[in-house]
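Me: I am new to this structure. Please pick one part and take a close look at it, then show me what lies around it.

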Amino acid sequence: MLVISLQAILEEALAVGRFNTGNVRHLPDLLRPENMRQLREYSAVFCLLAFHPTGDAAVADYVRSGTMADDSGPNVLVLFTLDRPAPIAVPLGPDAFGQWAELDRGANPANHMIRTLFAGSRVPPLPGLAVFLDLSEDTEGFYLPLGHLASEHEVRTFLREAFADIDHLATTGKPGRLLDDLGVVWTRRGLAYERTGRRPVREWLIEGFRTAREHYGDIVGTIGLMG
């Protein structure tokens, strides 16, 4: 599976949308709401898969297995923190996340992003999947815990069902009601999830990039988004 920095994905989306090849290199400028809206042309829903590379081995193994792009489908962009920069497409191999293996949960960038997301309220433990309808505006989100999954197979099976729910509602549901409708579906299925407060996603992403890059990493998505 090939992955690439969210920054590069957004630069490409802007280049396509504006019919030019110029890239915006200053991250706060790049993450302006009017720029982030360009991603709606490529993906209806955005997720952050948050996990510790060693403490949450089942999830890390699932990501390294390379099926996530197919599992999530074309309408869902799944982001995660990678332990290396990815300004161009890079393969996700068996050694992925190894450079962060010794980081404790307090220092891990994914953990920091979830703590920031739930600032002021109880912070749910990793691993988990955060789901957002929009990255360009202040928004609420869902957090679906994954800590009960003991193997790569269980993670894949569980997330395939979750991604199928998200994809179906993104393509058939009423505009702006995805989270409400998703909550109904997951409640009926007996899935425990937590709803975040309303957050300025731009600031959250900037802080996430800063934390990842302090540890020589990146926030990445699959290259299939731009296919």
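Reply: Buried means under 20% relative accessible area, exposed over 50%, and partly exposed in between, with a 1.4 Å probe and protein chains only. This is a predicted model; local features need pLDDT of at least 70, side-chain atom pairs count only at pLDDT 80 or more, and totals for chains, interfaces and linings use all residues. Residues are numbered from 1 along each chain as its sequence is written, and side-chain values use heavy atoms, without hydrogens or water.

Start with Asp134. Asp134 counts as buried because its relative accessibility is 12%. Asp134 sits in the loop between β5 (128-132) and β6; strands (E, at least two residues) and helices (H or I, at least four) are DSSP runs numbered from the N terminus. Setting aside neighbours within four places in sequence, Asp134 touches Arg40, Phe46, Thr139 and Val201 (contact: heavy atoms within 4.5 Å).

Asp134 also helps line the largest pocket. A pocket is an open set of points on a 1 Å grid, with protein on both sides within 12 Å along at least five of seven lines; lining residues have an atom within 4 Å of a point. The volume is about 150 Å³, filled by probe spheres set on the points. Alongside Asp134, the lining includes Leu133, Glu137, Asp138, Thr139, Glu140, Gly176, Leu179, Asp180, Arg195 and Arg198. β6 (138-139) and α8 (178-188) each give two or more residues to this lining. By type, the lining has 7 charged, 2 polar and 2 nonpolar residues. Here Asp, Glu, Lys and Arg are charged; Ala, Val, Leu, Ile, Met, Phe, Trp, Tyr, Cys and Pro are nonpolar; the others, Gly among them, are polar.

Now step back to the sheet. It is open, with 8 strands in the order β4-β1-β10-β3-β2-β5-β7-β8 and mixed pairing; two strands pair if DSSP finds at least two bridges. β4 (90-91) and β8 (194-195) are the edges, each pairing on one side only. Inside the order, β3 (76-82) and β10 (218-222) run antiparallel over 3 bridges. Thr81 faces Ile219 of β10.

Helices pack here too. In α4 (57-65), the buried residues are Ala58, Val59, Ala60, Tyr62 and Val63. They pack against β2 (45-50), α5 (68-72), β3 and α7. Just after α4, Gly66 takes a positive phi of about 90°. Helix α7 (152-172) has 21 residues. Buried residues of α7 include Val155, Phe158, Leu159, Ala162 and Ile166.

Key. Expected span 1.5 Å × (residues − 1). 1 Å grid on protein atoms, 1.4 Å probe; cavity = no way out; pocket = protein on both sides within 12 Å on 5 of 7 lines; lining within 4 Å.
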